[in-house]
Structure formats: structure tokens, C-alpha cells
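Biologist: I'm new to reading protein models, and I'd love a close look at one part. Could you start with the charges and then take me to a single residue and its surroundings?

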Amino acid sequence: MPSDTLTITDNRTGKTIEVPIEHGTVRATDLRQLRLDAQDFGIITYDPGYMNTGSCRSRITFIDGDQGILRYRGYPIEQLAEESTHLECSWLILNGELPVRSDLTAWENDIVNNMAVNEAFKPFFNSLWHDAHPMGMLQAAIAALGTFHAPSKKVHDRGERAKHIRNLIAQVPTLAAYAYRHNAGLPFVGPDSMLSYTGNFLNMMFSRGDTRHRPHQVLERALDILFILHADHEQNCSTSTMRMVGSAQTDPYAAVSAASAALYGPLHGGANEAVLTMLREIGNKENIPEFIKGVKEGQGRLMGFGHRVYKNYDPRARIVKKCAEEVFEVTGRNPLIEVAAELERIALEDEYFIRRKLYPNVDFYSGVIYEAMGFPTEMFTVLFAVARTVGWLAQWEELITDSDQKIARPRQVYLGEEIRDYVAIDKRD
Ligand code: ACO
């Protein structure tokens with residue numbers, strides 16, 4: 001009779017143990033039964049980069065990387081991008097179900113009415129260097145936002161959590177826009193409760209003087225779709241950072257600031273900025289073969305390609321590519337799209353990329369859209385952070401309410417020196 005267990009024999013001692021398999025996983029701590037003697041700590045798993053370690057049980061986002069499937073709370077990303085809005089998806093991601101109309105209206109009003117940040121943020125941003133990177137400014141500002149909300153430390157209080165989740169979703173866009181305006185040397189523009197979430201963000205970014213910025217509907221919708229696509233992506237680097245920091249019962253502002261620091265890296269959310277830099281360096285289609293040759297020889301990576309989980313076309317990249325065409329009908333064609341499309345074509349036919357299952361990820365085409373919409377390259381990862389804030393917070397809520405979770409504290413395999421005596425400085429070689 002097959003049983004849901006795994007039998008392991010430790011050939012060092014001959015001991016055999018049988019451990020339960022649940023949801024296709026075994027508990028790493030079960031391996032501790034395999035010890036050389038009573039003093040031995042027992043076997044631990046070694047998994048740099050968490051290639052094969054489940055850190056939590058989650059009900060939020062499902063990815064099948066081989067099939068190229070992404071779903072939030074069971075709903076396919078393609079349907080959400082087509083039919084939903086970022087705020088509706090945020091509700092879904094946070095609450096597990098699509099909202100009824102009255103809940104959605106109340107949620108939209110609650111967010112839009114709470115987008116204003118304390119006046120103290122104006123001198124805060126102005127104290128930073130004029131060309132400070134907006135991601136650095138955003139991280140600092142999100143951490144600073146927490147200092148206005150001391151009760152957010154009550155992480156086991158459901159009502160407090162809900163309030164600060166709402167605050168962060170509402171105010172991260174405002175801080176993001178402030179970071180841009182500081183770089184641009186423009187006066188800060190606060191939120192306008194008559195505008196939508198995304199419309200508000202665009203207005204806070206691009207309004208000039210007293211005139212309200214009226215984005216083209218296609219562009220506002222395109223940005224909202226990009227926000228939907230970036231809203232959550234299960235246990236990626238920044239989300240795992242959110243959970244890691246949150247596991248110490250740190251307040252959500254500090255944890256979101258830490259998560260955005262992880263996102264900033266070029267191997268993660270910083271890739272969208274790196275893609276544009278790469279496309280500009282390549283310059284035109286004729287230079288692509290030489291560039292690809294360099295990548296294959298190990299001189300850097302093809303940014304926006306490859307993914308830890310997707311070993312197939314990232315479903316978000318397909319939607320972004322389609323979205324790009326709609327945006328270009330309004331803004332005119334970004335010439336870098338031709339370079340990107342040709343780069344993709346050549347890479348997908350190349351043995352190096354085929355063998356390693358490297359496909360475009362969400363960031364390969366998002367930058368060309370952002371650029372066409374008028375966002376400076378340094379803002380690309382900031383846009384990602386605005387959208388991902390909801391995912392980080394939903395995962396944080398799940399962590400805090402999961403009785404299985406403990407403070408995150410991995411083990412190490414110590415390979416350093418054994419004990420030795422201190423040597424006085426004049427006796428050292
Ligand atoms: N260009 C060229 N080669 C690549 C690329 C790439 N973009 N990505 C992976 N490879 C190669 C590696 O060199 C390695 O080759 P090898 O087996 O000969 O050593 C093999 O593919 C496997 O790569 P790993 O680095 O082991 O894969 P991992 O899962 O650790 O990394 C990552 C995933 C970080 C996304 C990687 O593909 C990468 O660096 N991509 C470029 C940066 C990027 O676009 N990041 C955004 C990811 S999506 C997101 O975070 C929103």
C-alpha cells in the first residue's frame with residue numbers, strides 16, 4: 001500500500017526514519033532525528049537561495065512556472081488584467097474574494113481619501129540630495145512614515161493591521177510621486193480625492209502649476225494594468241524579505257521599507273531599469289548579435305530574461321507586450337521596442353537561452369512603456385514598489401495570522417576555524 005511518508009536511511013549510522021509527506025513537502029526539522037550521537041545537532045538541509053525550500057503555506061498567489069501560469073486567489077492573471085482594476089485586485093489579494101460593489105466603492109474611497117501624507121514629508125524630501133535615487137528616497141520615506149504611526153507596532157491587533165495596510169497602499173504612491181518631484185525640482189502635489197488611484201498618482205507625478213494632469217484614458221488604464229501585473233508574485237526575494245522582517249514582529253512600515261530595499265536590486269525589481277539601460281547601450285538592432293555573444297561569454301546578463309520560477313514565457317510579459325502596442329498608439333512608438341523585440345527573437349532561437357529555459361520576464365517590456373509614458377528610468381522600480389505594496393502586505397497579514405510561523409532564523413553550515421587562543425598584536429606574524 002503506498003503511504004504518504006518518506007523513508008530515509010542514514011548510511012553513517014544505519015538508522016532509518018519514516019517522515020510524513022504533506023502537500024508534497026517534508027518538514028526539514030524531521031531530519032534532525034538523524035544524528036551521529038547524542039551531542040550531534042542532527043541533519044539540516046543546505047539550500048542557498050532557497051531553491052527548494054517552502055517557507056510558508058500560502059493561499060494568495062499560485063504560479064506554475066513550467067506552464068507559465070499565474071493566478072491571484074485562483075483568478076487567472078489574464079482575466080484580471082483584462083477585466084479588473086488595481087484596487088479591486090488589491091482587495092482580492094488581501095481578502096481572498098472579489099469585492100461586492102458596495103465593498104469596492106468603500107475601499108476605493110477609503111484609499112483615495114487617505115493618500116495625503118504629513119506636511120513634514122516636504123522638508124524630509126528636500127533634505128535629500130537633488131539627484132538622490134528615488135528608490136533610496138522611497139525606502140527612507142516609507143520607514144519614516146512608520147514613525148507617524150506608533151500603534152502600528154501592535155501587529156497582533158487586527159484593526160490596527162487593517163488601518164496600516166490601508167495607509168501604506170494609499171500613501172506609497174504619494175511618497176513615490178514626491179520622490180520624482182524632488183528629483184525634478186518641482187513643487188509637491190498632493191492627492192485629489194476626485195481622481196482614481198492611478199489617476200491620482202499620475203496627477204501627483206505630472207501636474208504642472210495649478211492645472212490638473214489629465215492622462216489619456218489608454219495610458220491611465222495601461223498603468224493600472226501594469227500595477228495589476230506587479231501586485232503579487234508569491235515568495236520572491238522582496239516578499240520573503242517582508243516575511244523575514246515581519247517575523248520579528250516589526251511594524252509593517254519598516255517591513256515594507258525593507259522589502260522595497262530587496263526589490264531595488266537589479267536581479268529583482270531593479271531589472272526594469274537595467275533593461276532600459278541595456279537597450280540604450282545596444283542602441284540598434286545591428287548590435288544585438290555582438291551583445292548576445294558577450295552575454296554567452298559571461299560578460300553580463302540579458303536583463304529582463306530568466307526567472308527562478310518561470311521556465312516558460314512569463315504570462316505577465318505577454319500582457320505587457322500587448323499593452324505596449326496600445327500605449328504606443330497614443331504616445332508614438334518607443335524606438336527601443338524594436339531593439340527589445342529583435343533581442344527577444346534572437347534569444348529565443350539561441351541554443352544558450354533555449355537550454356537554460358530563459359524567456360522574457362515581466363520587466364523585459366515594462367520599461368519601454370514607462371519610458372513612453374514619460375517616467376524617467378530611475379522611477380521604474382518605484383512603480384513596481386507602488387504596485388507590489390499590496391502583495392507584501394497580504395503576505396505579511398498571512399504570516400502574522402499563521403500559527404505555524406516563527407521568527408525566521410536559518411541555520412548555517414559552519415566551516416570556519418575551530419577554537420584558538422587570542423594572540424597579542426605584537427606576537428602576530
Ligand atoms: N542572461 C544570461 N544568462 C542567464 C540569465 C540571463 N538573464 N539568467 C540566467 N542565466 C543563466 C545563468 O548564467 C546560468 O547559466 P549556467 O547554468 O551556465 O551557469 C543559468 O542561466 C541559470 O541561472 P541562475 O542564475 O542559476 O538562475 P536563478 O534562478 O538563480 O536566477 C534570475 C534567476 C536572477 C532572475 C536570473 O535569470 C537573472 O539574473 N535574470 C536577469 C535579471 C532579471 O531580469 N531579473 C528580474 C527577474 S523578474 C523579477 O524579479 C521581477
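**From the charges to one helix residue**

Modeller: Happy to! In this predicted model, the chain carries 46 positive and 56 negative side chains, and the centres of these two sets are 3 Å apart.

Before we zoom in, here is the setting. The chain is built with 17 helices and five strands. Its radius of gyration is 24 Å, close to the 22 Å that the globule rule gives for 429 residues, so the chain is as compact as a globular protein of that length. Along the principal axes, the C-alpha atoms fill a box of roughly 75 × 70 × 55 Å. Of the 429 residues, 48% count as buried. The chain exposes about 22,100 Å², and carbon and sulfur atoms supply 51% of that area.

Now for our single part: Ala-347. You will find Ala-347 in helix H14, which covers residues 336-348. Is Ala-347 buried or exposed? Ala-347 is buried, because its relative accessible area is 0%, and the cut-off for buried is under 20%. Who are its neighbours? Leaving aside residues up to four places away in sequence, Ala-347 touches Ile-292, Leu-302, Phe-305 and Phe-353. For a sense of distance, take Ile-169: it is 178 residues from Ala-347 in sequence, and their C-alpha atoms are 37 Å apart in space.

Contacts between residues distant in sequence also show up across the chain. Among contacts with a separation of 6 or more, 71% are between residues 24 or more positions apart.

Another buried residue is worth a visit: Cys-323, with a relative accessible area of 3%. Why does Cys-323 form no bond with Cys-89? The sulfur of Cys-89 is the closest cysteine sulfur to that of Cys-323, but the two are 14 Å apart, too far for a bond; a disulfide needs the sulfur atoms within 2.5 Å. In fact, a search of the whole structure finds zero disulfides. Cys-56 is likewise in no disulfide, and the nearest cysteine sulfur, in Cys-237, is 14 Å away.

For a contrast with Ala-347, go to the loop between strand S2 (15-20) and strand S3 (61-64), where His-23 lies. His-23 is exposed, with a relative accessible area of 68%. Its backbone is worth a look too: phi of His-23 is near 50°, a positive value in a residue other than glycine. Most residues other than glycine have a negative phi. Tyr-50 lies in the loop between S2 and S3 as well, and Tyr-50 has a positive phi of about 50° although it is not a glycine.

Notes
Residues numbered from 1 in each chain as written. Predicted model: local features only at pLDDT ≥ 70, side-chain atom pairs only at ≥ 80, totals over all residues. Heavy atoms only, no water. Buried < 20%, exposed > 50% of the residue type's maximum accessible area, 1.4 Å probe, protein only. Helix = DSSP H or I, 4+ residues; strand = E, 2+ residues; numbered from the N terminus. Rg over C-alpha atoms; globule rule 2.2 N^0.38 Å. Contact = heavy atoms within 4.5 Å. Areas by Shrake-Rupley, 256 points an atom, 1.4 Å probe, with all protein chains shown as cover. Lys, Arg positive; Asp, Glu negative; His and termini not counted. Charge placed at Lys NZ, Arg CZ, Asp CG, Glu CD.
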